[in-house]
Amino acid sequence: MVLTTILMDYFYVGNHGNNVGLIDIFVQTKIKINDKSKVILAAPNFSSAAKLPVEEQAQLGTEADLVYVYKASKSVMFKAGFSQMFAADGMKELKSNTSNNSNN
């Protein structure tokens with residue numbers, strides 16, 4: 001199973017204003033619990049591919065993903081997960097997010 005790196009669709013579905021391109025570098029690991037279940041941990045790191053309009057950092061933020069996978073049978077699989085975005089200073093300029101609200 002390959003886990004897509006953008007589980008939150010934070011950049012795909014969100015505000016496309018001030019589009020500067022996206023660099024997505026990530027690490028991922030799978031931890032097998034038993035024959036029927038495993039945990040997947042992923043940490044995508046996002047930065048802008050071009051300069052931002054204001055002299056902010058190119059770093060946009062890091063997402064933390066936790067997914068539990070349970071294979072009930074050969075044809076039935078359950079997945080449950082949680083994702084959290086930790087926005088960097090560059091995200092404030094790009095997404096006009098100055099309220100420091102949580103994104104999960």
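The paragraphs below lead through this predicted model, from its overall layout to its strand pairings and then to a few individual residues.

The chain contains one helix and four strands, and, read along the sequence, these elements follow the pattern β-β-β-β-α. Of the 104 residues, 29% count as buried, while the chain exposes about 6,700 Å², of which carbon and sulfur atoms supply 56%. Among the contacts between residues at least 6 apart in sequence, 52% join residues at least 24 apart.

The strands can be followed in order. Strand β1, which covers residues 22–32, runs antiparallel to β2 and is joined to β2 by 11 bridges; the connection from β1 to β2 is a hairpin of four residues, and within this pairing valine 27 of the chain stands opposite alanine 43 in β2. Strand β2, residues 37–48, pairs in turn with β3, again in the antiparallel sense, over nine bridges, and here isoleucine 40 stands opposite valine 67 in β3. Strand β3 (residues 59–71) then pairs with strand β4 (residues 77–87), antiparallel over 11 bridges, with a hairpin of five residues joining β3 to β4 and with tyrosine 70 standing opposite phenylalanine 78 in β4. As a general point on such elements, the side chains of a regular strand alternate between the two faces of the sheet.

Serine 37 offers a closer view of how these strands come together. This residue lies in strand β2, and, once its neighbours within four places in sequence are set aside, serine 37 is in contact with Lys32, Tyr68, Val69 and Tyr70. Is serine 37 buried or exposed? Its relative accessible area is 5%, and because the limit for a buried residue is under 20%, serine 37 counts as buried. Among its contacts is Tyr70, the tyrosine that stands opposite phenylalanine 78 in β4.

Another of those contacts, Lys32, leads to the charged pair of the model. A search of the whole structure finds one salt bridge, and lysine 32 forms a salt bridge with aspartate 35, their closest N and O atoms being 3.5 Å apart. Both partners can be judged by their accessibility: lysine 32, at 60%, counts as exposed, and aspartate 35, with a relative accessible area of 71%, is exposed as well, because exposed residues are those over 50%. Lysine 32 is thus an exposed residue that is in contact with serine 37, which is itself buried.

Technical notes. Residues numbered from 1 in each chain as written. Predicted model: local features only at pLDDT ≥ 70, side-chain atom pairs only at ≥ 80, totals over all residues. Heavy atoms only, no water. Helix = DSSP H or I, 4+ residues; strand = E, 2+ residues; numbered from the N terminus. Buried < 20%, exposed > 50% of the residue type's maximum accessible area, 1.4 Å probe, protein only. Contact = heavy atoms within 4.5 Å. Pairing = 2+ DSSP bridges. Areas by Shrake-Rupley, 256 points an atom, 1.4 Å probe, with all protein chains shown as cover. Salt bridge = Lys/Arg side-chain N within 4 Å of Asp/Glu carboxyl O.
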